[in-house]
Amino acid sequence: MKYQSNKKEVLKALSDAEKNALELVGAFIEGEAVLRCPVDTGNLRSSITHRVNTDERSVTIGTPVEYAPAVELGTSKQRPQPYLRPAAEDNVRQIESLVKEALKL
């Protein structure tokens, strides 16, 4: 009997599945944030993106627009209009389902 290790292939498959799960979650939350984003000129809405960081096993959803925090959190002169946090917090079950499906090997 000869032993053959499939460790490299298994680890690659897990890594690929993890990257896919992160990408799916990022795209999903980005889409939800775009739908929830208040619109004046459309600049903020069109700037929402996501970035997968495989080293940290994370995904970042956000925007480089400087007034984005004022819209999300509000100011002393403007009421909050959250769109990023609710995009994730209101969809926990859907996000969990995406991850579970992506990690099926």
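A salt bridge is a side-chain nitrogen of Lys or Arg within 4 Å of a carboxyl oxygen of Asp or Glu. By that rule, a search of the whole structure finds six salt bridges. The structure is a predicted model.

## Exercise 1. Overall build

Task: Find how many helices and strands the protein has, and give their order along the sequence.

Solution.
- Step 1. Count the elements. The protein has five helices and two strands.
- Step 2. Read along the sequence. The pattern is α-α-β-β-α-α-α.
- Step 3. Check the extent. Along the principal axes, the C-alpha atoms fill a box of roughly 75 × 25 × 20 Å.
- Step 4. Compare with a globule. The radius of gyration is 18 Å, while a compact globule of 105 residues would have one near 13 Å.
- Step 5. Look at burial. Of the 105 residues, 22% are buried.
- Step 6. Look at contact range. Take contacts between residues at least 6 apart in sequence: 50% of them join residues at least 24 apart.

## Exercise 2. The strand pair

Task: State in which sense S1 and S2 pair, and over how many bridges.

Solution.
- Step 1. Locate the strands. S1 covers residues 49-53 and S2 covers residues 58-62.
- Step 2. Read the pairing. The sense is antiparallel, over five bridges.
- Step 3. Pick a pair. Thr 49 has Gly 62 in S2 as its bridge partner.
- Step 4. Inspect the turn. Four residues separate the strands of this hairpin, and Arg 57 in the turn has a positive phi of about 50°.

## Exercise 3. The nonpolar core

Task: Name the residues of the largest nonpolar core, then find which helix gives the most to this core.

Solution.
- Step 1. List the members. The core holds twelve residues: Val 25, Ile 29, Ala 33, Cys 37, Leu 44, Ile 48, Val 65, Ala 68, Val 71, Tyr 83, Ala 87 and Ile 95.
- Step 2. Assign helices. Helix H1 (7-36) and H3 each supply at least two of these residues.
- Step 3. Rank them. H1 gives the most, with three residues.
- Step 4. Zoom in on Ala 68. Beyond four places in sequence, Ala 68 touches Leu 44, Thr 63 and Tyr 83.

## Exercise 4. A glutamate in H3

Task: Decide whether Glu 72 is buried or exposed, and find which backbone nitrogens its side chain reaches.

Solution.
- Step 1. Place the residue. Glu 72 is in helix H3, residues 68-73.
- Step 2. Apply the cut-off. Buried means under 20% relative accessible area. Glu 72 has 6% relative accessibility, so Glu 72 counts as buried.
- Step 3. Trace the side chain. The Glu 72 side chain reaches the backbone nitrogen of Tyr 83 at 2.9 Å. The backbone nitrogen of Arg 85 is reached at 3.2 Å.
- Step 4. Add the surroundings. Setting aside residues up to four places away, Glu 72 touches Pro 80, Gln 81, Pro 82, Tyr 83, Leu 84, Arg 85 and Pro 86.

## Exercise 5. A glutamate in H1

Task: Find which residues Glu 18 contacts, leaving aside its neighbours within four places in sequence.

Solution.
- Step 1. Place the residue. Glu 18 lies in helix H1.
- Step 2. Check exposure. Its relative accessible area is 27%, so Glu 18 is partly exposed.
- Step 3. List the contacts. They are Arg 57 and Leu 103.
- Step 4. Gauge the reach. Glu 18 and Ala 102 are 84 residues apart in sequence, yet their C-alpha atoms are 7.4 Å apart in space.

## Exercise 6. Three salt bridges

Task: Work out where the partners of the Asp 16–Lys 12 and Arg 36–Asp 90 bridges lie, then examine the bridge of Glu 101.

Solution.
- Step 1. Start with Asp 16 and Lys 12. Their side chains meet at 2.8 Å, N to O. Both lie in helix H1, four residues apart, about one turn of the helix. Asp 16 is partly exposed, at 35% relative accessible area.
- Step 2. Turn to Arg 36 and Asp 90. Their side chains meet at 3.0 Å, N to O. This pair links distant parts of the chain, 54 residues apart: Arg 36 is in helix H1, and Asp 90 is in the loop between helix H4 (84-89) and helix H5 (92-102).
- Step 3. Compare exposure. Arg 36 is partly exposed at 31%, and Asp 90 is partly exposed at 49%.
- Step 4. Take Glu 101 and Lys 104. Their closest N and O atoms are 3.6 Å apart. Exposed means over 50% relative accessible area. Glu 101, at 51%, therefore counts as exposed. Lys 104, at 59%, counts as exposed too.
- Step 5. Look for shared partners. Salt bridges join Glu 32, Arg 36 and Asp 90 into one network.

Technical notes
Residues are numbered from 1 along each chain as its sequence is written. This is a predicted model: local features need pLDDT of at least 70, side-chain atom pairs count only at pLDDT 80 or more; totals for chains, interfaces and linings use all residues. Side-chain values use heavy atoms; hydrogens and water are left out. Buried means under 20% relative accessible area, exposed over 50%, partly exposed in between (1.4 Å probe, protein chains only). A polar contact is a pair of N or O atoms within 3.5 Å; within protein, one must be able to donate a hydrogen and the other to accept it, and residues adjacent in sequence count only if both atoms are side-chain atoms. Contact means heavy atoms within 4.5 Å. Two strands pair if DSSP finds at least two bridges between them. A nonpolar core is a set of buried Ala, Val, Leu, Ile, Met, Phe, Trp, Tyr and Cys residues joined through side-chain atoms within 4.5 Å. The radius of gyration is taken over C-alpha atoms; the globule rule is 2.2 Å times the number of residues to the power 0.38.
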